[in-house]
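I opened this notebook page to record what I looked up, entry by entry, beginning with one residue and moving outward to the sheet, the cores and the empty spaces.

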Amino acid sequence: MARVLSIQSHVVSGYVGNKSATFPLQVLGFEVDAVNSVQFSNHTGYGKWKGTKLSADNLWALYEGLEENKLVNDYSHVLTGYVGSSDFLSTVGRVVAALKKINPGLRYVCDPVLGDNGKLYVPEELVAMYREEIVPLADIMTPNQFELELLTETKITSTEEAWNAMTMLHERGVTAVVLTSLDTDDGKIHVLGSEERDGEQKRFVLHVPKIDFYFTGTGDLFSALILAWSGSTLSEAVHKATASLQAVCKRTFEACSSSTPSFRERELQLVASKREIEQPDISTVELVLLP
């Protein structure tokens, strides 16, 4: 059975980070070993939270404990999300490199959480670290438009510029790149995917109806779902992942009791969407394969 080492944040209540990623991976047949980079009472969008952060030394100590007990030999995948400090990110790179040395076939799925809509969520020095240390290790990356711009030091104002930026990541060794959203004004979300196979790039676009609502944890869920379906072609994996994500978002939106829902009401309806995670209805999302 495939086994994932997932290094992400954790909340006691709600669904972001590992809480958003673990359940769908398990439902889809993966063993998940979770390392919680932070353990908070709830996500920070609430405005108030309590909890603790895992240090870089603590992360490496956990890895050493796994290694000493020969528990690192079975990992087929690594999944990472939000990382808030340079020393922790550097140690994440050490862990991934060590696991790839043990299993050269291990696939690293990296959601490079840096920011969105022109705003950084992390210290600025992490941007260069992602470019120089993490990108060369990654097999699949799932940046949003702002993150792709930061990783490639380019400005994206068109689909063609987005493809060019994704090619730059391929040239750094990333096999598959999923641009999780391209900004347009047509009322839809456009997901772009590019997979390099046998020296050729296979590209596709997904057109997704936009739900006018603020969600949290969707990026963490999306990356986990892409990993879960990544045994097929990238277009098939992202098509299924997008369909499941859309179903979870729709259920979450419809479960809200008012037009101004609380943060608690906005939490993803993940468990209630178990069937849609296991059996995504791909007819709800338009997939266009490009020549």
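**Entry 1, a serine in a helix.** In which helix does Ser223 lie? I found Ser223 in helix α7, which covers residues 218-228, and I note at the outset that the model is a predicted one. I then looked up how much of Ser223 is accessible: its relative accessible area is 2%, and because buried means under 20%, Ser223 counts as buried. Setting aside the neighbours within four places in sequence, I listed the contacts of Ser223 as Leu79, Val109, Asp111 and Thr142.

**Entry 2, the sheet.** One of those contacts, Val109, led me to the strands, where I saw that Val109 stands opposite Ile140 in β8. Strand β8 (residues 140-141) and β5 pair in the parallel sense, over 2 bridges. I traced the whole sheet next, and it is an open one of 10 strands with mixed pairing, running in the order β3-β2-β1-β4-β5-β8-β9-β10-β11-β12. At its edges I noted β3 (51-53) and β12 (286-290), each of which pairs on one side only.

**Entry 3, the nonpolar cores.** Which residues touch the most other members of the largest nonpolar core? I recorded Leu99, Tyr108 and Tyr130, in a core of 47 residues. Two or more residues of this core come from each of β1 (3-11), α2 (56-68), α3 (86-102), β5 (107-110), α4 (125-134), α5 (145-152), α6 (159-171) and β9 (176-182), and the largest share, 7 residues, comes from α3. Apart from this core lies another, of 40 residues, and I wrote down Ala21, Val32, Phe204 and Ala224 as among its members. As a reminder to myself, nonpolar side chains in soluble globular proteins tend to be buried together.

I followed Leu99 further and, leaving out neighbours within four places in sequence, found it in contact with Leu5, Tyr63, Val72, Tyr75, Val78 and Leu106. For α4, I listed Leu126, Val127, Met129, Tyr130, Arg131 and Ile134 as buried, and the buried residues of this helix pack against α3, β5, β7 and α5.

**Entry 4, the cavities.** I counted 2 cavities of 30 Å³ or more in the structure. The largest cavity holds about 50 Å³ of space, and its lining consists of Arg107, Ile140, Ala176, Glu195, Ser230, Ser232, Thr233, Leu234 and Ala237. By class, I have that lining down as 4 nonpolar, 3 polar and 2 charged residues. Ile140, in this lining, is the residue I had already met opposite Val109.

What classes of residue make up the lining of the second largest cavity? That lining has 8 nonpolar residues, with no polar and no charged ones, and I listed them as Leu5, Ile7, Val35, Leu59, Leu62, Tyr63, Leu66 and Val95. The space in this second largest cavity is about 40 Å³. Both β1 and α2 supply at least two residues of its lining, and α2 gives the most, with 4 residues. I also noticed that Leu5 and Tyr63, which belong to this lining, are among the contacts of Leu99.

**Entry 5, a pocket.** I turned to the second largest pocket, with about 200 Å³ of space. Of the 14 residues that line this pocket, Ala243, Gln246, Ala247, Lys250 and Thr284 are the closest to its centre. The elements giving two or more residues to this lining are α8 (234-255) and α10 (274-278), and α8 gives the most, with 6 residues. I recorded the classes in this lining as 6 nonpolar, 4 polar and 4 charged.

**Entry 6, two backbone angles.** Most residues other than glycine have a negative phi, and I noted two residues that depart from this. Asn117 has a positive phi of about 50° without being a glycine; it is found in the loop between β6 (115-116) and β7 (119-120). Is Asn117 buried or exposed? Asn117 counts as exposed, because its relative accessibility is 67%. Glu153, also not a glycine, has a positive phi near 55° and lies in the loop between α5 and α6. With a relative accessible area of 62%, Glu153 is exposed.

Note on methods:
Residues are numbered from 1 along each chain as its sequence is written. This is a predicted model: local features need pLDDT of at least 70, side-chain atom pairs count only at pLDDT 80 or more; totals for chains, interfaces and linings use all residues. Side-chain values use heavy atoms; hydrogens and water are left out. On a 1 Å grid over the protein atoms alone, a cavity is a set of points where a 1.4 Å probe fits but cannot get out, and a pocket is an open set with protein on both sides within 12 Å along at least five of seven lines; lining residues have an atom within 4 Å of a point. Grid points are joined across faces, edges and corners, and a volume is the space filled by probe spheres set on the points. Ala, Val, Leu, Ile, Met, Phe, Trp, Tyr, Cys and Pro count as nonpolar, Asp, Glu, Lys and Arg as charged, and the others, Gly among them, as polar. A nonpolar core is a set of buried Ala, Val, Leu, Ile, Met, Phe, Trp, Tyr and Cys residues joined through side-chain atoms within 4.5 Å. Buried means under 20% relative accessible area, exposed over 50%, partly exposed in between (1.4 Å probe, protein chains only). Contact means heavy atoms within 4.5 Å. Two strands pair if DSSP finds at least two bridges between them.
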